[in-house]
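Please look through the sequence and the structure shown below before reading on. The report that follows begins with contacts and overall form and then turns to the core and the aromatic rings.

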Amino acid sequence: MDRKKIHRKRTMLYFINATNEIMNKDGVKSITIRNIAEKAGYNSATLYNYFENLDHLIFYAAMRDIRSYPFSLKNLLENTRNAMDIYLTVWESFCNHAYDKPEVYNAIFFPKLDRKLDLYIEEYYDLFPEDLFQNNGIISDMLLKGDLKTRSMTIVQNCVDENYISQEDAKKLNDMSLLIFEAMLKRVIMDKVTKDEAKINNMDYLISIVKGFLIKDYDFCF
């Protein structure tokens, strides 16, 4: 990495770490350009040399905040037997992490950004390649996908390939599972359900939907 890129990365990390600290202490809604700049030790104008706007910085800070997720998922996937195991395990792990930090995951998967999400993902991992999980094809493939719909479809398609779900029903299953997650995440953020209730309900509803689409036997003791 050349000196210019090293300097850029270092300066961006000051802003990202400051945002992370505020995010985890007081929540995403409390983040402002001013309090980030003060904590990072820069003036507000400097921030715009590295980020398009506040939402861009919050997105990067949120991405930095979930680095532990793919590593914990790797351990869980080691015990899976088939594509349906993988599908449900990924969703269960995702729910456990997302509902523990609902504002962070909302900032990543439902951001207010000007360009396609894939471009921000690509730029983030180009700047922080150490955050990209390299040792599992499924995990790496999902991480590089921008929107949640495309990420989830990756593991749905594996279920189609192993004849658990028909190709015709793949899109329906994917859309319905994402609708449940998005609605449940917003309920958690609005304090209408607890995090634990959201985790249990999300998986309960998801399994009910999967059972309606299954075209061959599956043991749900995954």
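## Contacts, fold and aromatic rings

Among the contacts in the protein with a separation of 6 or more, 67% are accounted for by residues 24 or more positions apart. The model discussed here is a predicted one, and its secondary structure comes to twelve helices and zero strands. The radius of gyration of the protein is 19 Å, close to the 17 Å that the globule rule gives for 222 residues, so the protein is as compact as a globular protein of that length. Along the principal axes, the C-alpha trace spans about 60 × 40 × 30 Å.

Of the 222 residues in the protein, 49% are buried, while the accessible surface comes to about 11,500 Å², with 50% of this area belonging to carbon and sulfur atoms.

The largest nonpolar core has 77 residues, and those with the most contacts inside this core are Phe51, Phe59, Met84, Tyr87, Leu88, Trp91 and Phe94. Helix H6 gives the most to this core, with eleven residues. If the neighbours within four places in sequence are left aside, Phe59 is in contact with Ala107, Ile108, Pro111, Leu113, Leu117, Tyr120 and Ile121.

Phe59 and Tyr120 also appear together in one aromatic cluster, whose other members are Tyr14, Phe15, Tyr42, Phe51, Tyr60, Tyr124, Tyr125 and Phe128.

A pair of aromatic rings is described by the distance of the centres and the angle of the planes. The structure holds 20 aromatic pairs, and one of them is formed by Tyr99 and Phe181, which are tilted with 5.7 Å from centre to centre and 40 degrees between the planes. Because Tyr99 lies in helix H6 (residues 83–100) and Phe181 in helix H11 (residues 167–189), the pair ties together parts that are 82 residues apart in sequence. Are these two rings buried or exposed? Tyr99 is buried, with a relative accessible area of 0%, and Phe181 is buried as well, with a relative accessible area of 0%.

Charged side chains also lie over aromatic rings, and the table lists two such cases with the distance from the ring centre.

| Charged residue | Ring | Distance from the ring centre |
|---|---|---|
| Arg115 | Tyr120 | 4.4 Å |
| Lys186 | Phe110 | 5.6 Å |

Arg115 thus lies over the face of Tyr120, a residue that belongs to the aromatic cluster and is in contact with Phe59, whereas in the other case the charged end of Lys186 sits over the ring of Phe110.

Notes
Residues numbered from 1 in each chain as written. Predicted model: local features only at pLDDT ≥ 70, side-chain atom pairs only at ≥ 80, totals over all residues. Heavy atoms only, no water. Phe/Tyr/Trp six-rings, centres within 6.5 Å; stacked < 30°, edge-to-face > 60°. Helix = DSSP H or I, 4+ residues; strand = E, 2+ residues; numbered from the N terminus. Buried < 20%, exposed > 50% of the residue type's maximum accessible area, 1.4 Å probe, protein only. Lys NZ or Arg CZ within 6 Å of the ring centre and 35° of its normal. Rg over C-alpha atoms; globule rule 2.2 N^0.38 Å. Contact = heavy atoms within 4.5 Å. Areas by Shrake-Rupley, 256 points an atom, 1.4 Å probe, with all protein chains shown as cover. Core = buried A, V, L, I, M, F, W, Y, C linked by side-chain atoms within 4.5 Å.
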